[in-house]
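Here are my notes on this one, jotted down while going through it. Have a look and see if you read it the way I do.

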Amino acid sequence: MGLAVVHGIVESYGGTIRVESRENRGAVFTIILPVTPASVETHPEEDTPEVPKGNETILVIDDELAIADMTGRLLEQLGYRTTVMTSSVGALDLFRAAPQRFDLVVTDMTMPVLTVKKLTAELLQIRSDLPVILNTGYSRQIDKQKAERIGARALLHKPVSRQHLAKAVRTELDGSGAVGA
């Protein structure tokens, strides 16, 4: 996982990360999380609502292979067909070659070479009806309004849960989405 994703996870639990770095010796990352009551009991099977599923084809773009693969696998478990790409340039070329092949795009915000702003503009120039979901680990750099200006219909924050991903994808494919799903 990228440091931004780890930072987002730790911060979402009220924790902090300390970094100590020494030249030629490496770095030490210390993660500090708040204590939780030991008596907390959960029953995940009772708390998990039904997740929406589908069978459409989704293009997943993330320059971190592990995140791209995980997102693709989550979507495949929900019944979708996926194509996973780690290059925004390669993904755009693939999309140009067969724009009707994909029903939706899920893309990372920070991609090398071709920015998400440029990528989304190019995708939407080819197919203006294409739903694009922005998935980011940099929550302080983007909000609903910025995502909308880029052309994204939904904004998700890493790490995204299966439930949030499923709901955002289904909402956008059904055409009733709004940024910030």
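How many bridges join strand 3 to strand 5, and do these strands run parallel or antiparallel? Keep in mind that this is a predicted model.

1. Strand 3 (residues 57-61) and strand 5 (residues 104-108) run parallel and are joined by 4 bridges. If you want a spot to click on, L59 has V105 in strand 5 as its bridge partner.

2. Zooming out, these strands belong to an open sheet of 5 strands, ordered 4-3-5-6-7 with parallel pairing. Strand 4 (81-85) and strand 7 (154-157) sit at the edges with a single partner strand each, so one side of each has no neighbour in the sheet. From one strand to the next, the twist averages 20°.

3. Now the helices on the sheet. Helix 3 packs there and touches strand 3, strand 4, strand 5 and strand 6 (132-136), and its direction makes about 175° with that of strand 4. Helix 5 (residues 116-126) also packs on the sheet, touching strand 3, strand 5 and strand 6, with its direction at about 170° to that of strand 5.

4. Helix 3 (residues 65-77) has a helix partner too: helix 7 (residues 162-173) packs with it at an angle of about 70°, the axes being 10 Å apart. The two are therefore roughly perpendicular, and their crossing is right-handed.

5. As for who touches whom there, T71, L74, L75 and Q77 of helix 3 meet R162, L165 and V169 of helix 7. By type, the residues of that contact are 4 nonpolar, 2 polar and 1 charged.

Note on methods:
Residues numbered from 1 in each chain as written. Predicted model: local features only at pLDDT ≥ 70, side-chain atom pairs only at ≥ 80, totals over all residues. Heavy atoms only, no water. Axes fitted to C-alpha atoms, helices over the stretch in contact; angles between N-to-C directions. Parallel < 35°, antiparallel > 145°, perpendicular 65-115°, else oblique. Left-handed = near helix turned anticlockwise from the far one by under 90°. Contact = heavy atoms within 4.5 Å. Nonpolar A, V, L, I, M, F, W, Y, C, P; charged D, E, K, R; others polar. Pairing = 2+ DSSP bridges.
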